[in-house]
Amino acid sequence: MYYVKSRSYLEGTMRLNKMTGRVIATMGIAAMMMTQTAGVMAAEQTENKQLKVVYYNQADYPGKKIGGSTIQAAGCGPTAVAVCYSSLTGKKADVPKMCKQAYKHGWYYTGQGCSHSVVPGLSKLYGMECKGLGMDKDAVEKALRAGHPVVALMGPGDFTKNGHFVVLTRMVGKDKVKIADVGSRARTAETWSLKKVIRQGKEGANAGGPFWEISVKEEKQEEPDYKQKMLDGHKNIDAVTNAIDKIAD
């Protein structure tokens with residue numbers, strides 16, 4: 001025996017199906033928007049800035065002087081600061097002029113080389129901020145991941161027999177680093193262990209060294225308002241839900 005279902009029953013079933021579809025669609029949209037918001041938050045929080053490095057080499061100034069010596073033999077300090085200046089500002093540095101300024105301000109001693117104060121001294125002279133990091137590996141890594149070059153005074157080891165200024169430019173992976181060695185293009189092309197570089201930092205360095213973070217003042221940017229992003233997402237969900245309601249009705 002067959003029974004014919006009433007019209008009201010069929011209409012009720014259709015309305016229930018529409019409502020169920022509406023709920024499922026709304027839940028799907030909500031999940032999608034929450035995933036997108038979380039993705040934006042994660043991307044913004046983990047992004048590492050990379051410095052666009054401008055490289056200078058001491059040997060590119062044959063015959064040019066710093067005090068009673070030559071830039072090629074003893075101008076690593078000012079040349080390293082020049083790398084930081086051009087890389088951070090995009091402006092060309094006059095390395096011979098910076099060497100003359102280092103000598104004029106008493107940051108270079110003929111026969112002895114540059115004092116450790118040449119890094120904060122020249123940095124300030126050229127409108128940059130200089131923060132001494134000592135031998136703090138974590139602070140060095142943090143500076144590099146923020147896109148700030150780190151001038152390093154190296155002691156005996158892979159870079160020098162006595163003392164030599166270089167510039168750490170960026171992190172590579174978890175524990176490697178790229179270095180702009182103003183005295184060697186070959187060493188500049190290599191990738192170095194950050195731990196090894198820290199170990200070879202010049203012992204007994206003063207003026208905040210042997211590692212210095214260099215930066216320029218930047219306009220303070222507002223932190224992303226993640227709460228507002230979530231609220232905006234909910235508003236979008238409400239708009240879609242209302243549209244589905246109209247269709248269901």
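Helices and strands here are DSSP runs, with at least four residues for a helix and at least two for a strand, numbered from the N terminus. On that footing, A59 sits in the loop that links α1 (7-46) to β1 (65-66). The model is a predicted one. A59 has a relative accessible area of 36%, so this loop residue counts as partly exposed. In space, the C-alpha of A59 lies 7.4 Å from that of I71, with the two positions 12 residues apart in sequence terms.

Stepping back to the whole chain, the secondary structure adds up to nine helices and 10 strands. The protein has 249 residues, and 40% of them count as buried. Among contacts with a separation of 6 or more, 64% join residues 24 or more positions apart.

Much of the interior can be described through its nonpolar cores. The largest one holds 35 residues, and the members touching the most others are V118, V151, F165 and I214. At least two residues apiece come from α2 (71-74), α3 (76-89), α4 (95-104), α5 (118-125), β6 (150-154), β7 (164-172) and β10 (211-215). Helix α3 gives the largest share, with eight residues. A second core, separate from this one, has 18 residues, including A143, V177, W192 and F211.

V118 makes a handy way into the largest core. Leaving aside residues up to four places away in sequence, V118 touches G77, P78, V81, A102, W107, S123 and F165. V118 is also one of the buried residues of α5, alongside V119, G121, L122 and S123. Right after α5 comes G127, with a positive phi near 75°.

How do α3 and α5 meet? Their axes come within 10 Å and cross at roughly 45°. Angles that are neither under 35 degrees, over 145 nor from 65 to 115 count as oblique, so α3 is oblique to α5. The crossing of these two helices is right-handed. On the α3 side, the contact is made by G77, P78 and V81, and on the α5 side by V118, V119, L122 and S123.

Helix α4 has its own set of buried residues: V95, P96, M98, C99, Q101 and A102. The cover over these buried residues includes β1, α2, α3, β3 (108-109) and α5. Just past α4, G106 has a positive phi, about 80°.

That leaves the cysteines. A disulfide is a covalent bond between the sulfur atoms of two cysteines. The structure has zero disulfides. C76 is in none, and the nearest cysteine sulfur, belonging to C114, is 6.1 Å away. The cut-off for a disulfide is a pair of cysteine sulfur atoms within 2.5 Å, so the 6.1 Å between C76 and C114 does not qualify. C84 is likewise in no disulfide, with its nearest cysteine sulfur, that of C130, 8.7 Å away. As for accessibility, C76 counts as buried because its relative accessibility is 11%. C84 is buried too, with a relative accessible area of 1%.

Note on methods: Residues are numbered from 1 along each chain as its sequence is written. This is a predicted model: local features need pLDDT of at least 70, side-chain atom pairs count only at pLDDT 80 or more; totals for chains, interfaces and linings use all residues. Side-chain values use heavy atoms; hydrogens and water are left out. Buried means under 20% relative accessible area, exposed over 50%, partly exposed in between (1.4 Å probe, protein chains only). A nonpolar core is a set of buried Ala, Val, Leu, Ile, Met, Phe, Trp, Tyr and Cys residues joined through side-chain atoms within 4.5 Å. Contact means heavy atoms within 4.5 Å. Axes are lines fitted to C-alpha atoms, for helices over the stretch in contact, and angles run from 0 to 180 degrees between N-to-C directions. A crossing is left-handed if the near helix is turned anticlockwise from the far one by less than a right angle, and right-handed if clockwise.
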